[in-house]
Amino acid sequence: MTTATSGPPVSGFIESEFNPLVHEVAHRCLLEHPGDGARTALVLGSTIGDSTTTDLASTLLIGGQVSNPLLFMQATSNAILGFLSKEFGITGPLVSLSAMTDLGSALLDTADLLLDDEELDRVLVVGVELTGNDRTAAACLELGLERPGEDFAVALLVDRDTPPRQPGGHDLRRLAERPTP
Amino acid sequence: MAEVVVTGFGVRTAFGRGADAIRRGVFGGVPSFAPTTRFDTGPYRTPNAATTGSDKPDSQRDVLGDCADEAVEMAGFTARDDTAVLVGTSGDFATLTRFWRGEAGVDVADTVPAHLVDLLAARIGAAGQRLAFTNACVASASAIIHACGLIASGRLESAVCGGAYLVEEEVFAKFDSGRALSRDGVVRPFSVDRSGMLLGDGAAVVVLESASAARRRGARPLATVAGWGAASDAFHVSRPHPQGAGLAAAAQRALRRAGDPDGLLVDYVNAHGTATKFNDPAETQGLHEVFGTRADQVPVSSTKSTTGHLLEAAGIVEFVITLLALTDGVLPPTANFTEADPSCDLDYVPNTARDADVRRALNVNAAFGGFNTALVLERP
């Protein structure tokens with residue numbers, strides 16, 4: 001399990017802290033625990049997603065500037081998961097999801113479900129949130145969601161020996177406090 | 001493992017609402033592309049997309065809600081406390097644009113993908129797990145795969161899955177800038193003169209249940225989901241693996257689960273078929289890997305040739321189209337087909353629908369980053 005509030009730049013990824021954060025925690029986890037990429041899945045969760053890239057693209061559009069296709073790709077977490085899958089030879093399922101509440105539990109439940117598959121041995125779970133911007137602040141206010149106080153990511157490598165999750169749910173911070181097997 | 005069945009669906013494309021609109025358009029091989037008036041297309045290389053023609057389209061929340069109403073009515077289904085709601089969406093981009101333009105009365109929360117799922121769950125009274133799948137062109141297929149796992153394992157008995165994308169300027173501009181859009185307003189999957197994809201409006205909702213739960217309440221299954229699988233290419237952040245390795249692996253996982261590892265029982269494949277330079281040969285290679293020497297005997301079509309690329313909704317709308325192929329006994333064609341690309345050598349059901357006794361069909365999707373999904377549907 002690893003956490004980070006910042007990460008070094010990742011080659012080819014620009015503008016946002018989202019992808020470097022994901023890469024930092026996932027990279028550390030996977031380096032510390034090497035395994036068979038063919039029997040590994042990746043699950044990424046974020047309630048809001050990469051608002052920095054998404055909203056930069058939107059404001060450029062409104063400003064009449066030429067759209068950068070890189071911003072579409074990088075605003076979707078497929079790009080960084082694809083980058084990681086290539087780096088570590090991971091050919092199992094890649095999943096990215098969003099939940100309004102209890103994202104930590106949603107990620108762990110998804111990992112648990114994926115491990116029903118006898119063709120998989122482990123799932124790297126990554127949770128990430130950015131502090132956001134005016135748009136996400138307005139959305140959080142409307143939805144009664146607490147805004148993240150800082151950019152933050154957590155990664156947890158789950159296998160069949162990992163203890164079942166505690167009832168009562170986890171937010172991403174609680175996920176980071178989870179005891180490792 | 002519990003058997004997973006489909007008991008209802010609601011669907012919308014540029015052809016309109018419901019199955020009959022799909023029969024007329026998709027199975028009729030009639031492309032739905034035209035210059036869109038939804039925004040000023042002057043700055044872009046092409047004005048074309050498959051839209052419903054309305055300058056002010058419905059919001060994703062409304063379209064998903066309408067599809068859900070149709071799906072639960074068709075299924076005669078009442079959501080239970082444990083019914084999961086799983087939706088492929090990246091949020092409402094039209095709302096995002098309106099927010100940054102400073103327009104009044106914007107439902108800014110609709111830009112949060114999971115909020116759209118919560119709205120849908122509230123509309124149908126479902127109180128189980130609620131997740132948005134945000135992995136682009138495989139998002140709604142991933143939602144279906146997740147639901148199948150939950151139901152098959154006995155964790156729950158029912159799930160309502162959805163997916164939505166409505167053409168808007170944010171994504172249109174990026175695909176245009178990336179030169180991914182067809183230059184001449186026509187989408188020609190697998191043809192030598194293809195020049196790219198076009199975007200389309202799409203949304204669908206399906207009701208999935210365990211066969212025993214459906215039987216208990218007297219519901220008639222429309223189809224069984226016999227297998228599902230996902231796999232990644234581990235190749236490139238934007239390009240597919242040239243041999244379609246991940247797509248083949250996903251299909252093989254799904255077929256193993258369906259008890260047919262070599263795909264001998266598959267009568268039809270609904271392909272991802274984007275009509276882009278890299279996708280179509282890679283997908284063809286992947287299908288060769290799946291079916292081996294039988295590959296040229298399995299009909300394969302890309303219905304994006306009529307609907308356009310529906311992004312997060314692609315998986316679930318094509319799932320519904322595949323279901324209709326099973327129930328109607330008709331294979332939808334690859335429209336606009338001219339001459340096959342030399343590297344695309346399968347039976348693509350060119351231009352005209354074909355009657356066929358389809359018992360089992362495979363539906364595959366792919367997304368940038370090397371994401372691949374596969375679903376096996378079977379006629380009851």
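# Exercises on a Two-Chain Predicted Model

Chain A has seven helices and five strands. The model is a predicted one, and the exercises below treat its chains in turn.

## Exercise 1. The make-up of chain A

Task: State in which order helices and strands follow one another in chain A, and what percentage of its residues is buried.

Solution.
Step 1. Along the sequence, the elements of chain A appear as β-α-β-α-α-α-β-α-β-α-β-α.
Step 2. Chain A holds 181 residues, and 57% of them are buried.
Step 3. Its accessible surface amounts to about 7,200 Å², with 51% belonging to carbon and sulfur atoms.
Step 4. Among contacts in chain A with a separation of 6 or more, 75% join residues 24 or more positions apart.

## Exercise 2. Helix α1 of chain A

Task: Compare the span of helix α1(A) with the span it should have, and identify what its buried residues pack against.

Solution.
Step 1. Helix α1 of chain A covers residues 18-32, which is 15 residues.
Step 2. At 1.5 Å a residue the helix should span 21 Å; the end C-alpha atoms are 22 Å apart, which agrees.
Step 3. Eleven of the 15 residues are buried, and the helix is thus mostly covered. Among them are A:Phe18, A:His23, A:Cys29 and A:Leu30.
Step 4. These buried residues pack against the strands β1 (2-4), β2 (40-45), β4 (122-129) and β5 (152-159), and against the helices α3 (69-75) and α4 (78-88), of chain A.

## Exercise 3. The overall form of chain B

Task: Decide whether the radius of gyration of chain B agrees or disagrees with that of a compact globule.

Solution.
Step 1. Chain B contains eleven helices and 15 strands.
Step 2. For 380 residues, a compact globule would have a radius of gyration near 21 Å; the value for chain B is 19 Å, and therefore the two agree.
Step 3. Along the principal axes, the C-alpha atoms of chain B fill a box of roughly 60 × 55 × 40 Å.
Step 4. Of the 380 residues, 68% count as buried, and chain B exposes about 11,900 Å², 49% of it supplied by carbon and sulfur atoms.
Step 5. Contacts between residues 24 or more positions apart make up 78% of those in chain B with a separation of 6 or more.
Step 6. Chain B carries 34 positive and 44 negative charges, whose mean positions are 2 Å apart.

## Exercise 4. Two helices of chain B

Task: For α2(B) and α9(B), give the span, the surroundings of the buried residues and the residue that follows.

Solution.
Step 1. Helix α2 (residues 60-75) has 16 residues and reaches 22 Å between its end C-alpha atoms, close to the expected 22 Å.
Step 2. The buried residues of α2(B) include B:Gln60, B:Leu64, B:Cys67 and B:Val72. Their cover includes β1 (4-13), β5 (84-88), α4 (113-124), β7 (158-165) and β8 (202-210) of chain B.
Step 3. B:Gly76 follows α2(B) and has a positive phi near 60°.
Step 4. Helix α9 (residues 279-291) has 13 residues and reaches 18 Å, close to the 18 Å expected.
Step 5. Ten of these 13 residues are buried, so α9(B) is largely enclosed by the rest of the structure. Charged and apolar side chains can be sought in the list, which includes B:Asp280, B:Glu283, B:Leu287 and B:Phe291.
Step 6. The buried residues of α9(B) pack against α8 (245-257), β10 (268-270), β11 (300-301) and β14 (360-367) of chain B.
Step 7. Just after α9(B) comes B:Gly292, with a positive phi of about 60°.

## Exercise 5. Single residues of chain B

Task: Classify B:Arg23, B:Asn336 and B:Val349 as buried, partly exposed or exposed.

Solution.
Step 1. B:Arg23 is part of helix α1 (residues 19-25) of chain B. Buried means under 20% relative accessible area and exposed means over 50%; at 32%, B:Arg23 is therefore partly exposed.
Step 2. Leaving aside residues up to four places away in sequence, B:Arg23 touches B:Gly28, B:Leu324 and B:Asp328. Its C-alpha atom lies 9.6 Å from that of B:Val330, 307 residues apart along the chain.
Step 3. B:Asn336 belongs to the loop between β12 (330-331) and β13 (354-355), and at 17% relative accessibility it counts as buried.
Step 4. B:Val349 lies in the loop between β12 and β13, and its 0% relative accessibility makes it buried.
Step 5. Phi is positive in both residues, near 65° in B:Asn336 and near 50° in B:Val349. Most residues other than glycine have a negative phi.

Methods. Residues numbered from 1 in each chain as written. Chains lettered and ligands numbered in written order. Predicted model: local features only at pLDDT ≥ 70, side-chain atom pairs only at ≥ 80, totals over all residues. Heavy atoms only, no water. Helix = DSSP H or I, 4+ residues; strand = E, 2+ residues; numbered from the N terminus. Rg over C-alpha atoms; globule rule 2.2 N^0.38 Å. Buried < 20%, exposed > 50% of the residue type's maximum accessible area, 1.4 Å probe, protein only. Contact = heavy atoms within 4.5 Å. Areas by Shrake-Rupley, 256 points an atom, 1.4 Å probe, with all protein chains shown as cover. Lys, Arg positive; Asp, Glu negative; His and termini not counted. Charge placed at Lys NZ, Arg CZ, Asp CG, Glu CD. Expected span 1.5 Å × (residues − 1).
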